[in-house]
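Open the model in your viewer and keep the sequence panel visible. The tour moves from one stop to the next by selection.

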Amino acid sequence: MKTKCAIIQPMRIEDFEIRKTGKDSCTVLQYKGEGEDLVIPSVIGKYIPVSVEATLLKKGNKVKSITIPASVDRIDDGLFPSLKNIEAFNADKASRSFSSEDGVLYDSSRYSLLFYPPRKTGSVFIAPKKLGRVARTAFCCKVHFKEFHYSSKLEEFQALPSECPELEAFIPSDDADDHEGVLIKGRKLLFYPPKAGGKAYSIPDGIEEIVSVSSEPFFPESVKTVYAPATLRKGLENALGNAEKVEVENRSQFYRSVDGVLYSWKRVLLSFPGRMGKDVYITPSGTDRIGEGAFRGSRVHTLVLSEGVSAIGNNAFERSEISTLIIPSSVTDIALHALYGAEKLRRVIVEKGSVGEIFLRGENRGDIMEVHPSLF
């Protein structure tokens, strides 16, 4: 015999909407009050709050500060992006899950920075000595400090450049190495400050990876040229959205540059710098494949894939300015989402009977296709 699970309905108690999670516990769904200082009490009615949901603040709220009791051991990550007007986020000192200092929220050990209030004033942020991780939620509402002072324990920085638009430099506060304002940990380049300045950047020799947490350009628009050392083996292809060209040290076994464009040694076009000023680009003879996201955000209007190119990867032309694309019959492998995000594409020229023609017909893109007996 099947039994039906009872649906526990929300209930309103004073200024809070809650839902029971146990005999004496609840999750806080929403604050219904009108005050600027939201203090979640240790007991709501007869229930102890143990979690806070993403729906905590209603639209048009006036809340500027939030304080959570020691009993709360979970905060839905979805809450943080809604806190655009918050000046301080405080945790009870007795909490075993969270801690706070000067209105900034951390985990209990202060190893992870969870949320930095976007309305917090001050141009300098001095991180706790124990801080080793800046979580993805930390700066999701944008922060406006200019300097980030950190210790040698910091090893993970998940924020996006667009979330720290005024950041000029990372400054070591102990024996951490100083990398001229850029955040580097060991052999990993973690973050380049949006306001660091400079028209060119030479990635230090010994760096093996650029850690990028999204498709957002790693370097700011001010950096026109990126110089990569032979030691770099990972992440460069995801970092050139704002660059005009890339130069790779000749002895590299992982990357190479051809006229400022990034290739692998297996003849894969990995990344066409987003701000390279070419209206027409013809891939060099010998190019074997177009990599995933290779022309993402590029300003090229006409792209000619040379005879010999055999494959096109997913999202190859996403958010690009490419309006005309020429695909030769040598292309025999086109990824399912190769044209995803190519919103400016208006004309694709293919050879009759080629994989390009078959692909476009399968995608119902006959409206942009031109079929020719021969291209080369």
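Select tyrosine 263 and leucine 269: tyrosine 263 stands opposite leucine 269, which belongs to β25. The model is a predicted one, and this pair is the starting point for a walk through the neighbouring strands.

**Strands β24 and β25**

Extend the selection to β24, residues 261-264, and to β25, residues 268-271. The two strands pair in the antiparallel sense, over two bridges. A second pair to pick out is leucine 262 with its bridge partner in β25, serine 271. Now follow the chain from β24 into β25: the two form a hairpin with three residues between them. In that turn, select arginine 267, which has a positive phi of about 65°.

Stay on β24 and display its side chains. Are the faces of this strand covered or not? Both are covered. Val261 and Tyr263 lie on one side, Leu262 and Ser264 on the other, and all are buried.

**Back to β23**

Next select residues 255-258, which make up strand β23. β23 pairs with β24 in the antiparallel sense, over four bridges. Leucine 262 appears again here, as the bridge partner in β24 of serine 257. β23 and β24 also form a hairpin, with two residues between them. Aspartate 259 sits in the turn and has a positive phi of about 55°.

**On to β27**

From β25, add residues 289-290, strand β27. In which sense do β25 and β27 pair? They pair in the parallel sense, over two bridges. To find one of the pairs, select valine 268 and its bridge partner in β27, arginine 289.

**Tyrosine 116**

Clear the selection and pick tyrosine 116, in the loop between β11 (112-115) and β12 (124-126). Tyrosine 116 counts as buried because its relative accessibility is 3%, under the 20% cut-off. Which residues does tyrosine 116 touch, not counting those up to four places away in sequence? Show Val104, Phe125, Ala138, Phe139, Val143 and Phe145. For a distance check, add aspartate 37: it is 79 residues from tyrosine 116 along the chain, and the two C-alpha atoms are separated by 17 Å.

**Serine 354**

Move to serine 354, in the loop between β32 (347-351) and α1 (355-362). Is serine 354 buried or exposed? It counts as buried, because its relative accessibility is 5%. Add glutamate 351 and look at its backbone oxygen, which lies 2.6 Å from a polar atom of the serine 354 side chain.

**The whole chain**

Finish by zooming out to the full chain in a cartoon view. Its secondary structure comes to one helix and 33 strands. The C-alpha trace spans about 80 × 65 × 40 Å along its principal axes.

Colour the chain by accessibility: 48% of its 376 residues count as buried. The exposed area is about 18600 Å², with carbon and sulfur atoms supplying 47% of it. Then colour by charge to find 51 positive and 50 negative side chains; the centres of the two sets lie 4 Å apart. If you draw a contact map, consider the contacts between residues at least 6 apart in sequence: 34% of these join residues at least 24 apart.

Technical notes:
Residues numbered from 1 in each chain as written. Predicted model: local features only at pLDDT ≥ 70, side-chain atom pairs only at ≥ 80, totals over all residues. Heavy atoms only, no water. Buried < 20%, exposed > 50% of the residue type's maximum accessible area, 1.4 Å probe, protein only. Pairing = 2+ DSSP bridges. Contact = heavy atoms within 4.5 Å. Areas by Shrake-Rupley, 256 points an atom, 1.4 Å probe, with all protein chains shown as cover. Lys, Arg positive; Asp, Glu negative; His and termini not counted. Charge placed at Lys NZ, Arg CZ, Asp CG, Glu CD. Polar contact = N/O pair within 3.5 Å; in protein donor to acceptor, adjacent residues only side chain to side chain.
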